[in-house]
Amino acid sequence: MDTTMLSRAALDHTMLLPSGNVAVEWMVADHPVDYPNAVAEMEERVAAIAAGNAPERIWLVEHPPLYTAGTSAKEEDLLEPARFPVFATGRGGQYTYHGPGQRVAYVMLDLGKRGRDVRHFVATLEAWVIETLGAFNLRGERREDRVGVWLRRPDKGPEAEDKVAAIGIRVRRWVSFHGIAINIDPDLTHFDGIVPCGVRGHGVTSLVDMGQIISMPEFDSVLRARFEQHFGPTISA
């Protein structure tokens with residue numbers, strides 16, 4: 001098997017269904033969300049989930065242009081520190097850009113009810129994104145040495161590939177937060193102010209950059225359907 005990507009068989013078995021039949025809340029922000037407010041909201045919900053006082057939640061947002069620094073961020077990878085606001089964050093990973101045209105999905109799930117396997121959880125997030133991209137005729141792939149989802153770019157060269165989705169999570173009391181960021185139609189020049197995720201030698205892309213002109217609601221609909229295949233039922237918040 002090609003170990004650089006999830007095979008179809010692997011995708012079919014990468015599931016994290018909960019022990020129980022409680023649906024996950026599915027919430028979509030109808031306006032840009034400031035990053036500090038998003039983190040505060042996640043912190044509150046994660047504590048409530050861990051205490052058994054609130055259901056799990058997926059929260060879809062867009063942010064104003066900004067950079068976030070994960071726990072492994074290196075100072076030299078912030079190339080233009082004055083370009084956009086920079087926020088230190090507790091998620092894993094390095095520097096990431098967020099902004100309009102990017103779908104950020106904050107994933108607040110109780111891994112205590114889903115197997116307590118963080119590696120499996122990350123693989124399932126990758127499978128979720130890969131299958132969503134497949135619905136738009138894009139072949140997303142994972143890499144053993146680089147977290148996230150990648151698209152091959154033969155138009156740029158035989159070995160060229162660009163990142164289309166970043167993944168960065170944190171787990172507290174076996175509840176996850178932070179999550180994934182998928183480039184639908186962001187301004188790709190905004191990534192020039194950082195070394196995205198600390199990866200040099202590869203670029204970033206988006207669905208529109210790859211020729212897939214779709215609306216955010218259309219993308220969200222497919223994202224939700226594929227989520228339910230891997231994580232179980234949802235209910236609109």
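**Pockets, cores and salt bridges in a predicted model**

Biologist: What volume does the largest pocket have?

Modeller: This is a predicted model, where local features need pLDDT of at least 70 and side-chain atom pairs count only at pLDDT 80 or more, while totals for chains, interfaces and linings use all residues. Residues are numbered from 1 along each chain as its sequence is written, and side-chain values use heavy atoms, with hydrogens and water left out. A pocket is an open set of points on a 1 Å grid over the protein atoms alone, where a 1.4 Å probe fits, with protein on both sides within 12 Å along at least five of seven lines. Volume is the space filled by probe spheres set on the points, joined across faces, edges and corners, and for the largest pocket the value is about 390 Å³.

Biologist: Which element gives the most to the lining of the largest pocket?

Modeller: Lining residues have an atom within 4 Å of a point. There are 25 of them here, with Arg-91, Gly-92, Gly-93, Ile-167 and Gly-168 nearest the centre. Strands (DSSP E runs of at least two residues, numbered from the N terminus, as are helices, H or I runs of at least four) β5 (95-98), β6 (102-108), β8 (146-152), β9 (161-172) and β10 (175-183) each supply at least two residues. The top contributor, with 5 residues, is β9.

Biologist: How many charged residues are in the lining of the second largest pocket?

Modeller: The second largest pocket has a volume of about 230 Å³, and α3 (118-134), β7 (141-143) and β8 each supply at least two lining residues. Asp, Glu, Lys and Arg count as charged; Ala, Val, Leu, Ile, Met, Phe, Trp, Tyr, Cys and Pro as nonpolar; the others, Gly among them, as polar. The lining of the largest pocket splits into 12 nonpolar, 9 polar and 4 charged residues. For the second largest pocket the split is 4 nonpolar, no polar and, for charged residues, 7.

Biologist: Which element gives the most to the largest nonpolar core?

Modeller: A nonpolar core joins buried Ala, Val, Leu, Ile, Met, Phe, Trp, Tyr and Cys residues through side-chain atoms within 4.5 Å. Buried means under 20% relative accessible area, exposed over 50%, partly exposed in between (1.4 Å probe, protein chains only). The largest core has 35 residues, and Phe-121, Leu-125, Trp-128, Ile-182 and Leu-207 have the most contacts inside it. With 7 residues, the biggest share in this core comes from α3.

Biologist: Which salt-bridge partner does Glu-25 have?

Modeller: A salt bridge puts a side-chain nitrogen of Lys or Arg within 4 Å of a carboxyl oxygen of Asp or Glu, and the count comes to 17. The Glu-25 bridge spans 3.0 Å, N to O. It links strands β1 and β2 across 32 residues. Both residues are buried, and the partner is Arg-57.

Biologist: Which residues are joined with Glu-141 in one salt-bridge network?

Modeller: Glu-141 bridges Arg-143, with the closest N and O atoms 2.7 Å apart. Glu-141 counts as buried because its relative accessible area is 1%, and Arg-143 counts as buried because its value is 8%. Salt bridges with shared partners join Glu-141 to Arg-139, Arg-143, Arg-152 and Glu-161.
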